[in-house]
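These are my notebook entries on a single protein chain. I record what I looked up, entry by entry.

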Amino acid sequence: MQVLVHGGAGSAPDDPAPRQAVLDEAAATGAATSDPVGAVESALHVLESSPRFNAGVGSAVQSDGEIRTDAGIMTDSRAVGAACSMPGVEHAVSVARIVMEATPHGFVSGDHAVSLADAFGIETGVDLWSDRTRERWAELDRPADGVQSELAWIEDRYGRTDPGGRDGEDNGEMDQPAQRATDPHESTLDHDAAGQRPTSSDPTDHDTVGAVALDDDSGRLAAATSTGGRWLALAGRVGDVPQVGSGFYCAPAAAVSATGAGEDIARVTLSRRVARHVERGRDADTAAALAIDEFAELTGSTAGVIAVDATGTLGSAYNSAAMQTARATDR
C-alpha cells in the first residue's frame with residue numbers, strides 16, 4: 001500500500017515540526033491497512049483528530065458561531081460518497097464512506113447527514129472547538145440582526161485568519177508558480193532565494209486535509225478529502241471539498257485530493273483536471289504541477305494537490321506559501 005497525505009495548502013506554519021509528525025503518523029496508519037478505501041479513511045482519522053489541521057477538531061467557525069464539517073471519498077471504480085454541513089461530526093470522511101457504501105446516493109447534507117452518521121455508529125455531538133479557535137471567536141463581535149448584517153460583517157473577515165491564528169496582510173492571491181515536492185515525506189515549505197521561509201503570505205485558512213492511496217497488489221486506488229471549511233464563511237457555506245471532481249477525484253488512472261481556495265477550486269474542477277492530465281499520458285507529478293499552473297492562470301488564486309497514478313508515481317504541487325505532505329509504504 002502506498003499512501004500520500006497533505007495537511008493543506010496555505011500560509012507557512014509557525015511551527016511545522018509537530019504538524020509534520022502528525023502527517024507522518026497519518027500516512028503510516030493508512031499504509032498499514034489492507035485496502036485503499038480503508039487507507040485513506042484511517043489516514044484522515046488521524047488528521048481529523050488533531051487540532052493542528054482544519055478538519056475535525058481543528059475546524060473553522062462559520063458566521064453563526066457553528067462548526068460544520070465536510071468530506072468526500074472516491075474509488076477508481078468511480079464509487080463516490082460525500083457529506084457536508086455536519087455540526088458535531090469529527091470524522092466526516094467516515095460519513096462520506098457510509099454514503100458511498102450504504103446508500104444509493106452520492107451526497108448527503110446537514111442534519112440528515114448527522115442522523116446518518118449516528119445510525120451507523122459514527123460519533124456525533126463532538127466538541128470540535130480547539131482552544132485557539134475558541135479564543136479567536138471570543139475576540140469577535142458578531143452582529144445579531146440577520147443574514148444581511150452577517151454578510152457585511154464577514155466581507156473583510158472571510159478566510160482572513162485561520163483557526164491557528166495566522167494573520168496576514170494580503171488576500172491569498174497566487175504569488176509563485178507551482179512548487180513540486182521532490183520527496184513527499186518531507187515538509188514542503190517554500191523558501192525564498194536567501195533560504196528564508198516566507199512569513200504568512202497567504203493568511204487564508206486552507207488547512208484542509210486529504211489522502212490518496214494505491215494498493216500495489218490489486219492496483220486499486222482511492223482518494224479522500226476532509227475539511228472544517230473556511231474561517232467566518234457565511235453559515236451553511238459549502239466549498240470544494242465534498243464536490244466530486246473539485247476537492248477530490250478518483251478514476252482508473254489516478255487518485256487526487258485538492259486543497260486551497262475552495263470556490264476557485266470548484267470553478268475549475270481542479271482534482272478532475274489532474275486526473276485528466278494523467279489520462280492523457282502524464283505521470284502524477286507532472287499532472288499535478290500542470291494543473292496547479294493552469295489553476296493559477298485561470299483564477300489568480302492559491303491551491304495544492306496530491307495524486308498517485310496507477311503506475312505508483314506520486315505527485316504533489318502547490319502555489320501557496322506552503323503545503324506539508326507525508327508518504328508511507330507498506331509492501
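**Entry 1: a threonine**

Is T259 buried or exposed? I note beforehand that the model is a predicted one. The relative accessible area of T259 is 1%. Because buried means under 20%, I enter T259 as buried.

I then looked up where T259 belongs, and I found it in strand 10, which covers residues 254-260. I also followed its side chain, which reaches the backbone nitrogen of A9 at 3.0 Å.

**Entry 2: the record**

I consulted UniProt next. Its unreviewed entry lists R237, V238, G239, D240, T259, G260, A261 and G262 under "binding site". Which of these residues belong to the lining of the largest cavity? I found that this lining includes R237, G239, D240, T259, G260 and G262. The threonine of my opening entry, T259, is thus named in the record and is included in that lining.

**Entry 3: a glycine from the list**

I chose G262 from the UniProt list. G262 lies in helix 7, residues 262-267. Its relative accessibility is 1%, so I count G262 as buried. Which residues does G262 contact, once neighbours within four places in sequence are left aside? I found R230, R237 and D240. Two of these partners, R237 and D240, are themselves listed in the UniProt "binding site".

**Entry 4: helix 2**

I turned to helix 2, residues 36-48. I counted 13 residues in helix 2, with 18 Å from its first C-alpha to its last; this is close to the 18 Å expected at 1.5 Å a residue.

How many residues of helix 2 are buried? I found 12 of the 13, and I describe the helix as mostly covered. Among the buried residues are P36, V37, E41, L44, L47 and E48. An α-helix has 3.6 residues a turn, so residues three or four places apart point the same way.

I also asked what the buried residues of helix 2 pack against. The partners are strand 1 (2-10), helix 1 (16-31), strand 2 (68-75), helix 3 (92-102), strand 7 (209-214) and strand 8 (221-227).

At the N-terminal end of helix 2, I found D35 as the cap. A side-chain oxygen of D35 lies 3.2 Å from the backbone nitrogen of V37.

**Entry 5: cysteines**

How many disulfides does a search of the whole structure find? The search returned 0. A disulfide is a covalent bond between the sulfur atoms of two cysteines. I looked up the accessibility of C84 and entered it as buried, at 5%. C250 is also buried, with a relative accessible area of 0%.

Methods. Residues numbered from 1 in each chain as written. Predicted model: local features only at pLDDT ≥ 70, side-chain atom pairs only at ≥ 80, totals over all residues. Heavy atoms only, no water. UniProt positions renumbered as here; feature names shortened; annotations may be inferred. 1 Å grid on protein atoms, 1.4 Å probe; cavity = no way out; pocket = protein on both sides within 12 Å on 5 of 7 lines; lining within 4 Å. Helix = DSSP H or I, 4+ residues; strand = E, 2+ residues; numbered from the N terminus. Buried < 20%, exposed > 50% of the residue type's maximum accessible area, 1.4 Å probe, protein only. Polar contact = N/O pair within 3.5 Å; in protein donor to acceptor, adjacent residues only side chain to side chain. Contact = heavy atoms within 4.5 Å. Expected span 1.5 Å × (residues − 1). Disulfide = S-S within 2.5 Å.
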